[in-house]
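Student: I have a model open and want to learn how to read its charged side chains. Where do we start?
Tutor: With the surface, then the pairs.

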Amino acid sequence: KIVDSKIKFVGDNSVLYLSSNWHNYLVDLSLNNQSTVYIGRMTYFNERLTAITSEGRNIIIGDDGLFSRGVCIRVADPHLLYDVQTKERINPSKSVFIGDHTWLGQNAMLLKGTTVGSGSVIGAASVVSGKRIESNTVYAGNPAKKIRSGVFFEKPCVHQWTDKETEANRTCDKTEHIYGSEGKGIINTAELDEKLHNAFFADARLEIIKKELVSNRAADRFFVPTEEKSSKKRNLFKR
């Protein structure tokens with residue numbers, strides 16, 4: 001059910017795909033020309049999710065998300081910014097991708113060019129702009145920085161717990177929300193973004209969504225690995 005929501009199509013040839021959900025959809029969406037918003041299955045919204053597409057770019061959200069109050073997603077700044085010397089524009093719009101089983105804290109803001117890997121957590125009041133968030137990590141702050149890696153979360157809410165429930169949940173043996181073990185069906189988000197961007201008409205864009213997102217049930221489809229840092233040390237005294 002779509003409850004207490006606003007959905008605005010401002011322009012032509014955009015697609016909104018809302019997957020099956022036993023939670024209510026609570027959204028404030030603005031889709032401008034030739035853009036796509038895709039929301040996967042069984043995502044929970046505590047209050048309205050605000051999301052705005054611009055300049056033909058897209059917002060893709062995976063399954064089983066946990067979105068707190070005041071979450072906002074934008075793909076544009078949206079006004080124009082130019083370099084003084086070259087006179088060239090330096091702030092093009094960029095799509096946002098959010099993986100499966102992600103937790104976005106209260107008033108989190110995800111800005112253009114952000115990719116959040118499956119199983120990750122964005123802390124309350126965090127601002128994430130243009131970052132690639134590795135799977136099973138926690139990022140927080142403004143600007144958001146990694147504060148913990150190698151974590152996973154489960155959805156039970158602790159508000160009304162007593163000591164009994166707290167004690168019973170000190171450990172968790174589940175592994176389904178630890179991503180990267182299979183490494184199959186991983187979506188190349190850059191390629192998907194360009195396919196959607198180059199599909200001028202809405203029906204063509206819908207077919208891409210069905211093929212690339214709806215039909216792909218791979219556990220690691222939105223897996224984002226941790227970037228390995230080089231172990232080589234720079235020789236400061238090399239001539």
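Student: How much area does the protein chain expose, and what share of it do carbon and sulfur atoms supply?
Tutor: This is a predicted model. The protein chain exposes about 14100 Å². Carbon and sulfur atoms supply 51% of that area.

Student: What is the overall build of the protein chain?
Tutor: There are 3 helices and 18 strands. Buried residues make up 41% of the 239 residues. The radius of gyration is 19 Å, which agrees with the value near 18 Å for a compact globule with 239 residues.

Student: How many positive and negative side chains are there?
Tutor: The chain has 34 positive and 28 negative ones. The centres of the two sets lie 6 Å apart.

Student: Why would such side chains pair up?
Tutor: The general idea: opposite charges can pair when their charged atoms come close. Here, the structure holds 16 salt bridges.

Student: Which parts of the chain does the bridge between Arg57 and Asp193 link?
Tutor: Distant ones. Arg57 sits in the loop between strand E6 and strand E7, and Asp193 in helix H2, 136 residues apart. Their side chains meet at 3.2 Å, N to O.

Student: Are Arg57 and Asp193 buried or exposed?
Tutor: Both are buried.

Student: What about Lys112 and Asp77, buried or exposed?
Tutor: Take them one at a time. Lys112 is buried, at 15% relative accessible area. Asp77 is partly exposed, at 43%. The two form a salt bridge, with the closest N and O atoms 3.1 Å apart. Each lies in a loop: Lys112 between strands E12 and E13, Asp77 between strands E9 and E10.

Student: Which helices do Glu212 and Lys195 lie in?
Tutor: Glu212 is in helix H3 and Lys195 in helix H2, so their pair ties together parts 17 residues apart in sequence. The closest N and O atoms of this salt bridge are 3.0 Å apart. Lys195 is partly exposed, at 40% relative accessibility.

Student: Which residues form a network of salt bridges?
Tutor: Arg41, Asp63, Asp100, Arg217 and Arg221 are linked that way.

Student: Which side chain of opposite charge is nearest to Asp28, and how far away is it?
Tutor: Lys8, at 4.1 Å. The cut-off for a salt bridge is 4 Å. Asp28 is buried yet has no salt bridge.

Student: Where does Asp28 lie, and what is it in contact with?
Tutor: Asp28 belongs to strand E3. Beyond its neighbours within four places in sequence, Asp28 has contacts including Lys6, Lys8 and Arg48.

Note on methods
Residues are numbered from 1 along each chain as its sequence is written. This is a predicted model: local features need pLDDT of at least 70, side-chain atom pairs count only at pLDDT 80 or more; totals for chains, interfaces and linings use all residues. Side-chain values use heavy atoms; hydrogens and water are left out. Helices (H or I, at least four residues) and strands (E, at least two) are DSSP runs, numbered from the N terminus. The radius of gyration is taken over C-alpha atoms; the globule rule is 2.2 Å times the number of residues to the power 0.38. Buried means under 20% relative accessible area, exposed over 50%, partly exposed in between (1.4 Å probe, protein chains only). Accessible areas come from the Shrake-Rupley method with a 1.4 Å probe; for residues, only the protein chains shown count as cover. Lys and Arg count as positive and Asp and Glu as negative; His and the chain ends are not counted. The place of a charge is taken as NZ of Lys, CZ of Arg, CG of Asp or CD of Glu. Contact means heavy atoms within 4.5 Å.
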